[in-house]
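Subject: Handing over the structure

Dear colleague,

Here is the structure I promised to pass on to you. Please open it beside this message, since the notes below are meant to be read with the model in view.

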Amino acid sequence: MKSEQMKIPQATAKRLPLYYRFLENLHSSGKQRVSSTELSEAVKVDSATIRRDFSYFGALGKKGYGYNVNYLLSFFRETLDQDELTKVMLVGVGNLGTAFLHYNFFKNNNTQIEMAFDVDEDKVGTNVGGVEIHDLNQFEALHTENITVAILTVPAPVAQKIADRLVAAGVKGILNFTPARLTVPDSVRVHHIDLAVELQALVYFLKHYPLDSPQ
Ligand SMILES: NC(=O)c1ccc[n+]([C@@H]2O[C@H](COP(=O)([O-])OP(=O)(O)OC[C@H]3O[C@@H](n4cnc5c(N)ncnc54)[C@H](O)[C@@H]3O)[C@@H](O)[C@H]2O)c1
């Protein structure tokens, strides 16, 4: 994201990849324009929010016409740095890590897992989803400066120690799937994804904020 160009609210920034993916689908199906209502139904974000999100980028739509798909797509591609490939590393090739290596991120956005690390001798040296698994003990020797994003899928007790090593090697962003809360310098961004918490929140919302059933 080109933050030096514009400062947009974080909630808006988080929705951009969602818009981008939908616009790509529209584009490949040959559609040339889209209304905020259509966009809203497809990405499940209310149309007022979409209009407000888009307003941060100037007047991108026209009343009664909607949005030009090509224009929006190239705009978002640039904003999301989609022309640039972001190389990512993954640490911990267990259940979750293996699933991520098999999942082809590259298909939908320009991020690609380039390197993976584990300590299990049975895994080191093997290839999962086209990515070679290296020994974490070799991390400092193998890591290159152009990989500044890491996915952490190791057991929680070892997460902080590994995070410290990643940071020391120049990693700037960590997508943390472990339940451990990581302590990192202010210059490093950690996004924590806790599936148990998300599930609990969904159950709570279903119970306390039931949605209207269709008549
Ligand atoms: N599997 C899930 O559905 C799920 C859901 C939510 C959160 N999580 C969390 O994600 C993390 C991974 O879960 P999982 O189910 O894939 O676990 P897993 O036990 O299957 O895999 C962990 C992997 O990390 C490796 N590992 C252990 N110590 C290491 C170290 N010091 N350095 C590098 N690699 C090391 C292990 O060899 C193993 O391959 C855990 O913290 C778990 O709590 C998992």
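What follows goes from the overall layout to the sheet, then to the ligand, and ends with a few single residues.

Please keep in mind throughout that this is a predicted model. The protein chain has 215 residues, of which 20% count as buried, and it is built from eight helices and ten strands. Along its principal axes, the C-alpha trace spans about 60 × 45 × 35 Å. The domain assignment divides the chain into domain 1, residues 10–79, and domain 2, residues 86–197, and the centres of these two domains, taken over C-alpha atoms, are 31 Å apart.

The sheet

Seven strands form an open sheet with mixed pairing, and their order is β6-β7-β5-β4-β8-β9-β10. The edges are taken by β6 (127–128) and β10, each of which has a single partner strand, so that one side of each is left without a neighbour in the sheet.

Strand β4, residues 86–91, runs parallel to β5, and six bridges join the two. Two of the facing positions can be picked out in the model: Lys 87 stands opposite Gln 112 in β5, and Leu 90 has Ala 116 of β5 as its bridge partner. β5 is also joined to strand β7, residues 131–135, by three bridges, again in the parallel sense, and here Phe 117 stands opposite His 134 in β7.

Towards the β10 edge, strand β8 (residues 149–152) pairs with β9 in the parallel sense over four bridges, and the chain passes from β8 through α7 to β9 in a β-α-β crossover that is right-handed. β9 is in turn joined by four bridges to strand β10, residues 189–192, and these two strands also run parallel. Asn 176 can be followed across both pairings, as it is the bridge partner in β9 of Leu 152 and stands opposite His 192 in β10. In a regular strand the side chains alternate between the two faces of the sheet. For strand β9, residues 173–176, the covered face carries Ile 174 and Asn 176, while Gly 173 and Leu 175 lie on the uncovered one.

The ligand

Which residues are the closest to the ligand? They are Gly 92, Gly 94, Asn 95, Leu 96 and Thr 178, out of 23 residues that surround the ligand. The elements that give two or more residues to this shell are α5 (95–102), β5 (111–118) and α7 (156–168). By class, the shell is made up of 14 nonpolar, six polar and three charged residues.

The UniProt record, an unreviewed entry, lists Gly 92, Val 93, Gly 94, Asn 95, Leu 96 and Gly 97 under "binding site". Val 93, one of the listed residues, is found in the loop between β4 and α5. With 26 other C-beta atoms within 10 Å, where 20 or more are needed, Val 93 is buried.

The annotated region and some single residues

The same kind of record, again an unreviewed UniProt entry, places a "DNA-binding region" at residues 18–57. In the model, this span is 70% helix and 5% strand, and its end C-alpha atoms lie 16 Å apart.

Lys 44 is found in the loop between α2 (36–43) and α3 (47–55). Most residues other than glycine have a negative phi. Lys 44, although not a glycine, has a positive phi of about 60 degrees, and with 7 C-beta neighbours inside 10 Å it counts as exposed.

Gly 66 has its place in strand β3, residues 66–68, and counts as partly exposed, with 17 C-beta neighbours inside 10 Å. Gly 66 and Val 34 are 32 residues apart along the chain, yet their C-alpha atoms are separated by 5.4 Å.

With kind regards

Terms used
Residues numbered from 1 in each chain as written. Predicted model: local features only at pLDDT ≥ 70, side-chain atom pairs only at ≥ 80, totals over all residues. Near = placed C-beta within 6 Å. Nonpolar A, V, L, I, M, F, W, Y, C, P; charged D, E, K, R; others polar. Buried ≥ 20, exposed ≤ 12 C-beta atoms within 10 Å, placed from the backbone. Pairing = 2+ DSSP bridges. Right-handed = clockwise from strand over helix to strand, strands pointing away. Domains from an automatic or database assignment. UniProt positions renumbered as here; feature names shortened; annotations may be inferred.
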